[in-house]
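Work through the exercises below with the sequence and the coordinates at hand. Each task is followed by a solution in steps.

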Amino acid sequence: ADQQNINLFGRLVTKFHELEEDLSSRQDELTNLDDASNEIILVDDDEPIRFLVGETYVEFSKDETEERLNETIEEKKAEIESISNEMKNVQTKMNDLKVTLYQKFGDSINLEED
C-alpha cells in the first residue's frame, strides 16, 4: 500500500505538470484570440476576413468572423476553467497523499520538488 501511494504521488506530479503546460498553451491561444478580436475592429465592414476552420482558411464577413471568434474565445475560456479545476483536484489529491506519506515515513521521504 505504501509503494502504491508513492507511485500514485509520482503519477499525480507528472499529470500536474502536463496540465500546467496545457493550461499555459491554452492561455497563449486565448491571448492570440483576444488580439485577433481587437484587430478585427480595424477592418472595413465590407472586407472579407479569412478565418481558420480546421486546417483551412475560409472567408467570412466581418460580422460572421466576430461571431465565430467570440464563440471560439468562450470555448477556450471553458477549456481553461476545466483544466484549472482538474489541476485543483490533482493538487488536493497530492496534498492528501503527502500528509499520509509524511506521517508514515517522516523525514526519510522527500516529496517536494527541487
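The exercises that follow concern a predicted model and cover its core, its salt bridges and its largest pocket.

**Exercise 1. The nonpolar core**

Task: State which residues of the largest nonpolar core touch the most other members, and which elements give two or more residues to this core.

Solution.
Step 1. The largest nonpolar core has 23 residues, and those that touch the most other members are Phe-9, Leu-69, Met-87, Val-90 and Met-94.
Step 2. Helix H1 (2-40), strand S1 (49-53) and helix H2 (62-105) each give two or more residues to this core.
Step 3. Take Met-87 from the residues of step 1. With neighbours within four places in sequence left aside, Met-87 contacts Phe-16, Leu-19, Glu-20 and Leu-23.

**Exercise 2. A salt bridge between helices**

Task: Find what the salt bridge of Arg-26 and Glu-79 ties together, and classify both residues by accessibility.

Solution.
Step 1. The distance from N to O between the side chains of Arg-26 and Glu-79 is 2.8 Å, which is within the 4 Å cut-off for a salt bridge.
Step 2. Arg-26 belongs to helix H1 and Glu-79 to helix H2, so this bridge ties together parts 53 residues apart in sequence.
Step 3. The partly exposed class runs between 20% and 50% relative accessible area. Arg-26, at 23%, is partly exposed, and Glu-79, at 27%, is partly exposed.

**Exercise 3. Lys-76 and its surroundings**

Task: Decide whether Lys-76 is buried or exposed, and describe its salt bridge and its contacts.

Solution.
Step 1. Lys-76 is found in helix H2. Its relative accessible area is 13%; because buried means under 20%, Lys-76 counts as buried.
Step 2. The side chain of Lys-76 forms a salt bridge with that of Glu-29, at 2.5 Å from N to O. Glu-29 lies in helix H1, so the pair joins parts that are 47 residues apart in sequence. Glu-29 is partly exposed at 30%.
Step 3. Not counting residues up to four places away in sequence, Lys-76 touches Arg-26, Glu-29, Leu-30 and Leu-33.
Step 4. Lys-76 and Glu-29 also belong to a network of salt bridges that links them with Asp-22, Arg-26 and Glu-79. The whole structure holds 10 salt bridges.

**Exercise 4. A bridge to a loop**

Task: Locate Lys-62 and Asp-45, and give the accessibility class of each.

Solution.
Step 1. The side chains of Lys-62 and Asp-45 meet in a salt bridge of 3.3 Å, N to O.
Step 2. Lys-62 is in helix H2, while Asp-45 is in the loop between H1 and S1; the two are 17 residues apart.
Step 3. Lys-62 is buried at 9% relative accessibility, whereas Asp-45 is exposed at 64%.

**Exercise 5. The largest pocket**

Task: Give the volume of the largest pocket, and say which element gives the most to its lining.

Solution.
Step 1. The space in the largest pocket is about 220 Å³.
Step 2. The lining consists of Ala-36, Ile-40, Ile-49, Arg-50, Phe-51, Leu-52, Tyr-57, Thr-65, Leu-69 and Thr-72.
Step 3. At least two lining residues come from each of H1, S1 and H2. S1 gives the most, with 4 residues.
Step 4. By class, the lining has 7 nonpolar, 2 polar and 1 charged residues.
Step 5. Leu-69, listed in step 2, is also one of the core residues that touch the most other members.

Note on methods
Residues numbered from 1 in each chain as written. Predicted model: local features only at pLDDT ≥ 70, side-chain atom pairs only at ≥ 80, totals over all residues. Heavy atoms only, no water. Core = buried A, V, L, I, M, F, W, Y, C linked by side-chain atoms within 4.5 Å. Buried < 20%, exposed > 50% of the residue type's maximum accessible area, 1.4 Å probe, protein only. Contact = heavy atoms within 4.5 Å. 1 Å grid on protein atoms, 1.4 Å probe; cavity = no way out; pocket = protein on both sides within 12 Å on 5 of 7 lines; lining within 4 Å. Points joined across faces, edges and corners; volume = space filled by probe spheres on them. Nonpolar A, V, L, I, M, F, W, Y, C, P; charged D, E, K, R; others polar.
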